[in-house]
Amino acid sequence: MAESQNRTGGAVDPHQSKQYHSKVIPGEEGDLIVEGPVPAPTLRSLVFHQGLKAFRPADRQQQALIRIAELPEGRIIAARRSQLVVGYVTFLYPDPLERWAEGNMGDLLELGAVEVAAPYRHSGLAKALLEVAFRDPAMENYIVISTEYYWHWDLEETGLDIWEYRDVMKKVMGSAGMEVYPTDDPEIAAHPANMLMARIGNRVPPESVERFHRLRFTLPPQ
């Protein structure tokens with residue numbers, strides 16, 4: 001279960017308000033609504049598509065997202081057709097066991113997951129989810145990271161190989177301004193397809209940017 005951590009580094013107040021934004025994607029079977037941040041009570045009232053199973057069964061993933069939405073810093077952006085959630089993206093502080101939490105930074109969030117149910121993957125939903133997420137001006141106060149591990153990728157369903165899927169992820173994340181950054185983090189270094197991506201908001205103070213760059217390496221890069 002996700003737990004809120006007390007962060008002292010950085011200038012962001014994790015209790016700040018979150019601006020709601022939305023986007024409508026017309027479709028023959030009905031409009032798709034991309035919206036967020038979605039509060040926990042709203043998530044409880046929705047139904048999750050059974051194809052949202054990359055991390056755990058859909059009903060359990062729904063409960064995990066509700067817990068994230070309840071965190072002061074937690075943000076859930078969801079795509080739904082009527083009451084059926086068909087995609088989502090999550091933002092929260094990094095897990096305290098991860099390197100990225102060691103800086104104790106109040107202005108560093110992790111894009112923890114982006115998932116779209118298989119029947120909806122060709123409608124541009126992943127990019128739309130990120131677009132709506134970063135419409136909130138408050139996101140310019142954050143460094144947002146995403147740790148991409150090939151073992152989380154749905155290679156079987158898509159029919160792509162590792163490198164093709166990696167290119168897709170770079171394009172999707174890049175649509176929101178995220179870039180690949182080198183790191184010696186052991187999990188990312190475990191396979192050359194894995195990657196650290198990050199977006200540094202334009203209001204992040206220089207000292208936070210420097211702290212992030214120090215977190216990327218246990219030793220100075222050679």
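Here are some short exercises, with worked solutions, on a predicted model.

**Exercise 1. Find which residues the UniProt annotation "domain: N-acetyltransferase" covers, and describe the chain there.**

Start with the record: the unreviewed UniProt entry places this domain at residues 34-202. Next, look at the make-up of that stretch, which is 29% helix and 27% strand. Finally, go to its two ends, where the C-alpha atoms sit 24 Å apart.

**Exercise 2. Work out where Arg80 is found and what it touches.**

First, locate the residue: Arg80 belongs to strand 4, which runs over residues 75-81. Then follow its side chain, which reaches the backbone oxygen of Ser82 at 2.9 Å. Now skip anything up to four places away in sequence and list what Arg80 touches: Asp31, Leu32, Ile33, Glu35, Leu46, Val85 and Val86.

**Exercise 3. Decide whether Ser146 is buried or exposed, then list its contacts.**

Begin with the position: Ser146 is part of strand 7 (residues 143-148). Its relative accessible area is 1%. Buried means under 20%, so Ser146 is buried. What does its side chain do? The side chains of Ser146 and Glu148 are joined by a polar contact of 2.6 Å. Leaving out neighbours within four places in sequence, Ser146 is also in contact with Leu111, Met173, Met178, Met195, Leu196 and Met197.

**Exercise 4. Explain what the salt bridge between Glu29 and Arg81 ties together.**

A bit of background helps: side chains of opposite charge can pair when their charged atoms come close. In this pair, the closest N and O atoms of Glu29 and Arg81 are 3.7 Å apart. Glu29 lies in the loop between strand 1 (21-25) and strand 2 (32-36), while Arg81 is in strand 4, so the bridge ties together parts that are 52 residues apart in sequence. Now check each partner's surroundings. Glu29 has 67% relative accessibility and counts as exposed. Arg81, with a relative accessible area of 17%, is buried.

**Exercise 5. Take the salt bridges Arg44 with Glu70 and Asp136 with Arg75, and say which parts of the chain each one links.**

Take Arg44 and Glu70 to begin with: their side chains meet in a salt bridge of 2.5 Å, N to O. Arg44 is in helix 1 (residues 40-45) and Glu70 in helix 2 (residues 58-70), so the pair links distant parts of the chain, 26 residues apart. Arg44 is partly exposed at 47%, and Glu70 is also partly exposed, at 46% relative accessibility.

Move on to Asp136 and Arg75, whose closest N and O atoms are 2.8 Å apart. Asp136 sits in the loop between helix 3 (125-133) and strand 7, and Arg75 in strand 4, with their places 61 residues apart in sequence. Both Asp136 and Arg75 are buried.

**Exercise 6. Say how many salt bridges the whole structure has, and name a network among them.**

A search of the whole structure finds 10 salt bridges. For the network, look at Lys23, Glu131 and Arg135, which salt bridges link together.

**Exercise 7. Place Pro119 and give its distance from Arg81.**

Pro119 is in the loop between strand 6 (108-116) and helix 3. With a relative accessible area of 61%, Pro119 is exposed. Last step: Pro119 and Arg81 are 38 residues apart in sequence, and their C-alpha atoms are 12 Å apart in space.

Key
Residues are numbered from 1 along each chain as its sequence is written. This is a predicted model: local features need pLDDT of at least 70, side-chain atom pairs count only at pLDDT 80 or more; totals for chains, interfaces and linings use all residues. Side-chain values use heavy atoms; hydrogens and water are left out. UniProt positions are given in the numbering used here, feature names are shortened, and annotations may be inferred rather than shown by experiment. Helices (H or I, at least four residues) and strands (E, at least two) are DSSP runs, numbered from the N terminus. A polar contact is a pair of N or O atoms within 3.5 Å; within protein, one must be able to donate a hydrogen and the other to accept it, and residues adjacent in sequence count only if both atoms are side-chain atoms. Contact means heavy atoms within 4.5 Å. Buried means under 20% relative accessible area, exposed over 50%, partly exposed in between (1.4 Å probe, protein chains only). A salt bridge is a side-chain nitrogen of Lys or Arg within 4 Å of a carboxyl oxygen of Asp or Glu.
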